[in-house]
Amino acid sequence: MGLKKMGVFLEFLVAAVVFSGMLLCMVEAKVHYYDFVVKDENFTRLCSTKSALVVNGSIPGPVLYVNKGDIMYVNVHNKGGYKFTIHWHGVKQPRNPWSDGPEYITQCGIQPGTNFTYEVIFSDEEGTLWWHAHSDWTRSTVHGAIVVYPEQGSSYPYPKPDAEEVLVLGSWYTYDVNVAVEQDLAIGNGGDLPVSDAYTINSQPGDFCPCSKESTYRWQVDYGKTHLLRIVNAIMNAEVFFAIAGHNLTIVGTDASYLKPFVTSYIMIGPGQTMDILVTTNQSLGQYYMAARQFSSAKANYAEYDKTNVTAILEYRGNYTPPASPSFPSDTLPSYEDIPAGITFRNKLRSLHNQNVPKNITTQMYITAAQNEFMFNISGNVTLFLAASLNNVSWLNPKIDVLHAYYSNMSGFYTEDFPDMPPNFYDFVAEGLPINTTHPLRGTKVKVLEYGEEVEIVFQSSNVLNSSEDHPMHLHGHSFYVVGAGGGNFDFEEDPKTYNLVDPPYVNTATLPKNGWLAVRFNALNPGVWLWHCHLDRHLTWGMDTVIIVKNGGTPETSLREPPAHMPPCHYSPTIELRKREFVSTIVGGRDGEGLDTFGYQFQTLLRWIQLAYIWVEGKFGVER
């Protein structure tokens, strides 16, 4: 064969190999399609019936099943009475914040009578995640689990379980919690936001709550089997302890990342967190309570809490006489205020393998988390409103979403000056801090990072108003390494010496302990606009959140993707407004049409750009309406 023909043959061979690899990747990465129909349904709990916004008629909503690296399209139809968004909690969404979901951060709400299709891109996640509404307190009933199996042809790093079960912990309110929250915010007087009437397991309060015994959730099992139990904490405002009477729990993963397995009699899990647990059903045939109760780290005068014990029943199949009452984990379930039990459990979390933890830190931040107060003079009366802040900045939602303003280079909607340090240093964990520590700034301040930066953030809990408590801190678009945590004020000289830079847990949500500190590190390798917030919704509502913008890298593969053709329009109103329950049929839209032709899409898009242009002029030049 001549040299020229040999060269052509080699080029063909290389092209064939590359093309085969592309086909293999296409085969391995499956595409899934789901439809969410979101509307009000009636539910009876705790002896009363109320209407609640739910997905596909159930609480929790459908479990979504994918394999590692898959892509999922979810068409969300809003047939309810008010707008909302959906967030895919823990899914990194590489280069795709357009489908991340938090309202006023990456999109505006899906209006009633419209629909929007989310493109959910999975990458290195493997285990259990979840999805939930990310506007107002709608996630109390709009949420569900995501199960991410290993890649096709791969397996778990432990023996394959015989079966699996999903348990979603939730909050139940006997009233419309969105209306109650907005009324509480409007009234002020320094009052707290609503406390749930019960916690639930798969939407049921359990045997110890009124009118609930007949509907208690039951998990039927066979003797001698090993089950993979996937737990999601979708509770609005509480970390909880969880235990199963008579059974040990082997923890193997959290936040869709594997852990070094360890055996425990209980877990502590915060809002937003997920846990993968192996349970071997090796006890006498019978019925055993699975129970959870709140871990309360706040002072009672600043935060009431739900004191109910939520239960479900692990029930063995077989021939036996059922007991009068299932066994309760009295000797293993910690009490409400058992702070050492919470710390002990968290300290056991270690990644399964050694990790490539960032060590060449280019950005260091020290962020205080505090509960605060605003004082307003209303008609001559001084009214207190509770607030929350990070580095003394209480987040204020902009008039359009930050992502669109950033992508379109629109000024006037946020500033790039979120501080790396608190404005003042003092004994953050002291009692009775002076009044000048209680009043935060209110603003839309973001932190900008260059692509590829290696970031360390130390969160410091502050005892302003004597109200320090645990804060489950959640970062969108990334997971991070929890390299350290401790009590008291962070010691910049000594505490870094205690960091775990070998096998720290790799998570998307981690607890900043009461009157303590939390140190995390991550690589800023996902360009886009990403929210970081406390996952206690009362603190998120009060402003304990900020935004991190990761700039584009130097290539198309390291740059933010272009927006989809049809994002929900911004019928903006970031201030408090009571929701109307009427169905709004005059607003059209939706990515997949529902009656809109091509002209309708084009016209809607034109209207959105006209609206955004006017909003920009208003923000830039102070145009009055």
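The questions and answers below go through burial, salt bridges, disulfides and strands in a predicted model.

Reader: Why is the contact of D124 and K92 called a salt bridge?

Author: A salt bridge needs a side-chain nitrogen of Lys or Arg within 4 Å of a carboxyl oxygen of Asp or Glu. The side chains of D124 and K92 meet at 2.8 Å, N to O. So the pair fits the rule. D124 sits in the loop between β6 and β7, and K92 in the loop between β5 and β6. They are 32 residues apart.

Reader: What makes D124 partly exposed?

Author: Partly exposed covers what is neither under 20% nor over 50% relative accessible area. D124 has 37%, so it is partly exposed.

Reader: Is K92 buried or exposed, and how do you know that?

Author: The relative accessible area of K92 is 11%. Buried means under 20%. Therefore K92 is buried.

Reader: What makes E125 a salt-bridge partner of K92?

Author: The side chains meet at 4.0 Å, N to O. The cut-off is within 4 Å, so this pair counts too. E125 is buried, and so is K92. Shared partners join K92, D124 and E125 into one network.

Reader: Why is the pair of E469 and R538 called a salt bridge?

Author: The distance is 2.8 Å, N to O. The limit is 4 Å, so the pair qualifies. E469 lies in the loop between β25 and β26, while R538 is in helix α5. They are 69 residues apart.

Reader: Are E469 and R538 buried or exposed, and how do you know that?

Author: Set both values against the 20% cut-off. E469 has a relative accessible area of 8%, so it is buried. R538 has 7%, so R538 is buried. By the salt-bridge rule, the count for the structure comes to 21.

Reader: How do you know that C47 and C211 form a disulfide?

Author: Two cysteine sulfur atoms must lie within 2.5 Å. Here the S to S distance is 1.9 Å. So this is a disulfide. The torsion about its S-S bond is about 95 degrees, so the disulfide is right-handed.

Reader: Why is C211 called exposed, and C47 partly exposed?

Author: Exposed means over 50% relative accessible area. C211 has 57%, so it is exposed. C47 has 46%, which lies between 20% and 50%, so C47 is partly exposed.

Reader: What makes C108 and C570 a disulfide?

Author: Their sulfur atoms are 2.1 Å apart. That is within 2.5 Å, so the pair counts. Both cysteines are buried. This disulfide ties together parts that are 462 residues apart in sequence. A search of the whole structure finds two disulfides.

Reader: Why is C209 not bonded to C47?

Author: The sulfur of C209 is 9.7 Å from the closest cysteine sulfur, in C47. The cut-off is 2.5 Å, so the gap is too far for a bond. C209 has 8% relative accessibility, under 20%, so it counts as buried.

Reader: How do you know that β8 pairs with β3 and with β7?

Author: Two strands pair if there are at least two bridges between them. Four bridges join β3 to β8, so these strands pair, and they run parallel. β7 and β8 share six bridges, so they pair as well, in the antiparallel sense. V147 in β8 stands opposite Y65 and is the bridge partner of T128.

Reader: What makes β8 mostly covered?

Author: Six of its seven residues are buried.

How values were computed
Residues are numbered from 1 along each chain as its sequence is written. This is a predicted model: local features need pLDDT of at least 70, side-chain atom pairs count only at pLDDT 80 or more; totals for chains, interfaces and linings use all residues. Side-chain values use heavy atoms; hydrogens and water are left out. Buried means under 20% relative accessible area, exposed over 50%, partly exposed in between (1.4 Å probe, protein chains only). Helices (H or I, at least four residues) and strands (E, at least two) are DSSP runs, numbered from the N terminus.
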